[in-house]
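Welcome, and thanks for opening the viewer. Please load the model, give it a slow turn, and then follow the stops below.

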Amino acid sequence: MDRTARLTLAVERQGGRCLWCGRLFGPLIPPTTDHLVPRLKGGPSIVANEAAACRRCNADRGHTGPVDWLAQSRRRHGWAPQATLLATLLNALDIELENVGGHRRARRYLSSQLRRCRSSH
Ligand SMILES: [Zn+2]
């Protein structure tokens with residue numbers, strides 16, 4: 001599956017909205033590929049690790065962890081991030097990485113994010 005097909009899938013999975021600010025994608029708000037586990041932290045370019053984000057959110061987030069960024073988005077900007085969806089995606093990614101094997105660095109990073117995710121509820 002190429003990059004465009006994966007992005008389309010991510011958009012559909014998120015109900016056509018940015019994962020972080022909840023805005024609907026359209027001609028003025030095009031979706032971009034964001035990585036749940038940042039590539040810098042060893043996150044792979046696979047469907048399970050990719051999310052659709054608007055340009056603004058993608059750029060503002062930088063290499064911030066997904067759970068931390070969700071909390072910041074909510075606090076600082078009063079956005080309406082898709083928290084339940086993020087938890088679902090992170091858990092699915094955890095299972096996927098376990099099945100694929102390897103990706104030790106990404107998995108360690110993801111575990112710590114998931115712990116924070118659970119403790120914040
Ligand atoms: Zn956004």
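Is C21 buried or exposed? Select C21 to find out: with a relative accessible area of 8%, C21 is buried, the cut-off for that word being under 20%. Keep in mind throughout that this is a predicted model.

**Stop 1: the zinc ion**

Keep C21 selected and add C18, C54 and C57. Each of these gives its SG atom to the zinc ion, at 2.3 to 2.4 Å. The angles among the four donor atoms run from 99 to 117 degrees, and the site is tetrahedral. Along the chain, the donors follow the spacing C-x2-C-x32-C-x2-C. Now colour the surroundings of two of them: C21 sits in the loop between α1 and β1 (31-35), while C57 belongs to helix α2 (residues 55-61), so this pair ties together parts that are 36 residues apart in sequence. C57 is buried too, with a relative accessible area of 0%.

Next, centre the view on C18. Leaving aside neighbours within four places in sequence, C18 is in contact with R23, F25, A52, A53, C54, C57 and Q82.

**Stop 2: the whole chain**

Zoom out and switch to a cartoon view. You should find five helices and two strands, in the order α-β-β-α-α-α-α from the N terminus on. The radius of gyration is 13 Å, close to the 14 Å that the globule rule gives for 121 residues, so the chain is as compact as a globular protein of that length. Along its principal axes, the C-alpha trace spans about 40 × 35 × 20 Å. Of the 121 residues, 46% count as buried. Among contacts with a separation of 6 or more, 61% come from residues 24 or more positions apart.

**Stop 3: the core**

Select C18 again, this time together with L19, W20 and L36. These have the most contacts inside the largest nonpolar core, which has 34 residues. The elements giving two or more residues to this core are α1, β2 (50-54), α3, α4 and α5. Which element gives the most? That is α4, with eight residues.

**Stop 4: helix α4**

Select residues 83-100 to see α4, a helix of 18 residues. From first C-alpha to last, α4 reaches 26 Å, close to the 26 Å expected at 1.5 Å a residue. Show the side chains of A83, L85, L86, A87, L89, L90, L93 and L97, which are buried. The buried residues of α4 pack against α1 (3-13), α3 (66-77) and α5 (104-119). Step just past the end of α4 and you meet G101, which takes a positive phi of about 80 degrees.

**Stop 5: two buried polar residues to look up**

Select Q113 in helix α5. At 2% relative accessibility, Q113 counts as buried. Beyond neighbours within four places in sequence, Q113 is in contact with G65, P66, V67 and D68. Try a distance from Q113 to V37 as well: the two are 76 residues apart in sequence, yet 9.2 Å apart in space, C-alpha to C-alpha.

Finally, move to H35 in strand β1. H35 is buried, with a relative accessible area of 5%. Which residues does H35 touch, not counting those up to four places away in sequence? Look for P44, S45, N49, E50 and R61.

Methods:
Residues are numbered from 1 along each chain as its sequence is written. This is a predicted model: local features need pLDDT of at least 70, side-chain atom pairs count only at pLDDT 80 or more; totals for chains, interfaces and linings use all residues. Side-chain values use heavy atoms; hydrogens and water are left out. Helices (H or I, at least four residues) and strands (E, at least two) are DSSP runs, numbered from the N terminus. The expected span of a helix is 1.5 Å times one less than its number of residues. Buried means under 20% relative accessible area, exposed over 50%, partly exposed in between (1.4 Å probe, protein chains only). Contact means heavy atoms within 4.5 Å. A nonpolar core is a set of buried Ala, Val, Leu, Ile, Met, Phe, Trp, Tyr and Cys residues joined through side-chain atoms within 4.5 Å. Donors are N, O and S atoms within 2.8 Å of the metal (3.2 Å for Na, K and Ca); water is not among the atoms, so sites may look incomplete. Four donors count as tetrahedral if all angles lie between 85 and 135 degrees; four count as square planar and six as octahedral if opposite donors are over 155 degrees apart and all others between 65 and 115; anything else is irregular. The radius of gyration is taken over C-alpha atoms; the globule rule is 2.2 Å times the number of residues to the power 0.38.
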